[in-house]
Amino acid sequence: MPSTDLHLSRLCLGGNRFGSALDEGESFALLDTFAELGGNFVDTALVYADWVPGVERSCSEHTLGRWLTTRDHRNEMVVATKGGHPDLTHPAGPRLDRASLRADAYASAENLGGAPIDLYYLHRDDPSRPIEDILDTMETLVDEGVIRYYAASNFSADRLAAAAECANVSGVRGFVANQLEWSLAAPKAERVAPDLTYMDPRLLEFHRTHRLPVVPYSAQAKGYFEKIWGTGPMPESVERYDTPDNAHTAEILNRLADEYGTDATALALRAMVDCEIDTVPVVGCRTGEQLRRSWACLDVALNPADSERLASLALSH
């Protein structure tokens, strides 16, 4: 990751199901497979999956922390987590004040087995809070040894630009990455929550200009590129992508997948990896087999014309 000493695998494993939809044994098995494949970048958050009744609070972080301790992988893995999310019992209230961010960061460090946290995202923005205050709080957490680097998640292009300018003026590193939804299938605009961001033209231009790396979530569009051809009703999480433009992209991906003996979802990931912006897609796999299929995208020997065509699809939004 530019501007850091973090050396990342080309794919990041998403941990939002650790300890909830995947129990501890299943979570450990998936993490073991990821490490065996050569993966070293894992993504979680303090609030994953606190919305699920009956599970341990911050179960994703706790589960990952136990795996790191049990498998003695801590020095090999790059662990990213997120804080500053609104209280799930009062979701309208922003939490990027200094006290809330400090409390979240220290709690995450304890859950994950000790400081420092390699990469710490601000999970949501609070546009009413001056960006200078936010960066000052993050710099304090770096100075205290709780986190090593910090990044944004779900920030607008204007706020990212303000943060970059503030960091330049004050002489601090600032955000080293941005996490937002991004795939080869743009969701329907009305299906993106107001406090979330998707890679739109303004954000794309910001990342091209400032060369800020992207760690996109939902990078596989929930499997849309293959599920579009399925029988029966399309799941709601997939239907949000079902537009004529995305269907056309699915046709291209499936045709190329047949030619290269792979699948459309893997090629969609490969397009993200190969585009001109530094990108490490997050894969939200449930099983080791799904993870191996995703990882296989890195081994597909594309000819230059097809590689360029795929990369252009990633930047077409």
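Colleague: Just to get my terms right: helices here are DSSP runs of H or I with at least four residues, strands are runs of E with at least two, and both are numbered from the N terminus. With that settled, which helices and strands each supply at least two residues of the lining of the largest pocket?

Modeller: Remember first that this is a predicted model. In it, helix 7 (224–227), helix 8, helix 10 (264–274), helix 11 (288–295) and strand 7 (282–283) each give at least two residues to that lining. Helix 11 has the largest share, with three residues.

Colleague: How much space lies in the largest pocket?

Modeller: The largest pocket holds about 1,300 Å³. Its lining is made up of 46 residues, and those nearest the centre are Asn-16, Arg-17, Ser-218, Lys-222 and Gly-284.

Colleague: And by class, what is the lining of the largest pocket like?

Modeller: There are 17 nonpolar residues, 16 polar ones and 13 charged ones around the largest pocket.

Colleague: You named Lys-222 just now. Where does Lys-222 lie?

Modeller: Look in the loop between helix 6 and helix 7. Lys-222 has a phi near 55°, which is a positive value in a residue other than glycine. Its relative accessibility is 41%, so Lys-222 counts as partly exposed.

Colleague: Which other residue has phi near 55°?

Modeller: Try Arg-211, where phi is also positive although the residue is not glycine. Arg-211 sits in the loop between helix 6 and helix 7. With 42% relative accessibility, Arg-211 counts as partly exposed.

Colleague: OK, over to Tyr-241. Is Tyr-241 buried or partly exposed, and why?

Modeller: Tyr-241 counts as buried because its relative accessibility is 0%, and the cut-off for buried is under 20%. You'll find Tyr-241 in the loop between helix 8 (236–239) and helix 9 (244–260).

Colleague: What does Tyr-241 touch, if I skip residues up to four places away in sequence?

Modeller: Quite a list! Among them are Ser-218 and Lys-222, which you met at the pocket, plus Glu-181, Ala-185, Pro-187 and Asn-246. In another comparison, Tyr-241 and Arg-191 are 50 residues apart in sequence, yet their C-alpha atoms are 8.9 Å apart in space.

Colleague: Back to pockets for a second. What volume does the second largest pocket have?

Modeller: About 280 Å³. It is lined by 15 residues, with Arg-173, Phe-175, Val-176, His-210 and Leu-212 the closest to its centre. By class, the lining has 10 nonpolar residues, three polar and two charged.

Colleague: Which helices each supply at least two residues there?

Modeller: Helix 5 (157–170) and helix 6 (201–210) each do. Helix 5 has the largest share of that lining, four residues.

Colleague: New topic: at what angle do helix 3 and helix 4 pack?

Modeller: Helix 3 (residues 98–111) and helix 4 (residues 131–143) pack at about 35°, and their axes are 10 Å apart. The crossing is right-handed. On the helix 3 side you can pick out Arg-98, Leu-101, Arg-102, Ala-105 and Tyr-106, and they meet Asp-136, Thr-137, Met-138, Thr-140 and Leu-141 of helix 4. Sorted by class, the contact has five nonpolar residues, two polar and three charged.

Colleague: I'd like to see some cis peptide bonds too. Which residue is joined to Tyr-48 by one?

Modeller: That would be Ala-49, with omega about -20°. Ala-49 is in the loop between strand 2 (41–43) and helix 2 (59–71). Another cis bond runs from Ala-115 to Pro-116, with omega near 0°. Pro-116 belongs to the loop between helix 3 and strand 4.

Colleague: Which residues of that first pair does Cys-59 touch?

Modeller: Both Tyr-48 and Ala-49 touch Cys-59, along with Phe-18, Gly-19 and Ser-20, leaving out residues up to four places away in sequence. Cys-59 is part of helix 2. Its relative accessibility is 0%, so Cys-59 counts as buried. From C-alpha to C-alpha, Cys-59 and Ala-49 are 6.4 Å apart, with their positions 10 residues apart in sequence.

Colleague: Last one: where is His-123 found?

Modeller: In the loop between strand 4 (117–122) and helix 4. His-123 counts as buried because its relative accessibility is 6%. Setting aside neighbours within four places in sequence, its contacts include Tyr-48, Ala-45, Lys-82, His-85 and Asn-154.

Conventions. Residues numbered from 1 in each chain as written. Predicted model: local features only at pLDDT ≥ 70, side-chain atom pairs only at ≥ 80, totals over all residues. Heavy atoms only, no water. Buried < 20%, exposed > 50% of the residue type's maximum accessible area, 1.4 Å probe, protein only. Contact = heavy atoms within 4.5 Å. 1 Å grid on protein atoms, 1.4 Å probe; cavity = no way out; pocket = protein on both sides within 12 Å on 5 of 7 lines; lining within 4 Å. Points joined across faces, edges and corners; volume = space filled by probe spheres on them. Nonpolar A, V, L, I, M, F, W, Y, C, P; charged D, E, K, R; others polar. Axes fitted to C-alpha atoms, helices over the stretch in contact; angles between N-to-C directions. Left-handed = near helix turned anticlockwise from the far one by under 90°.
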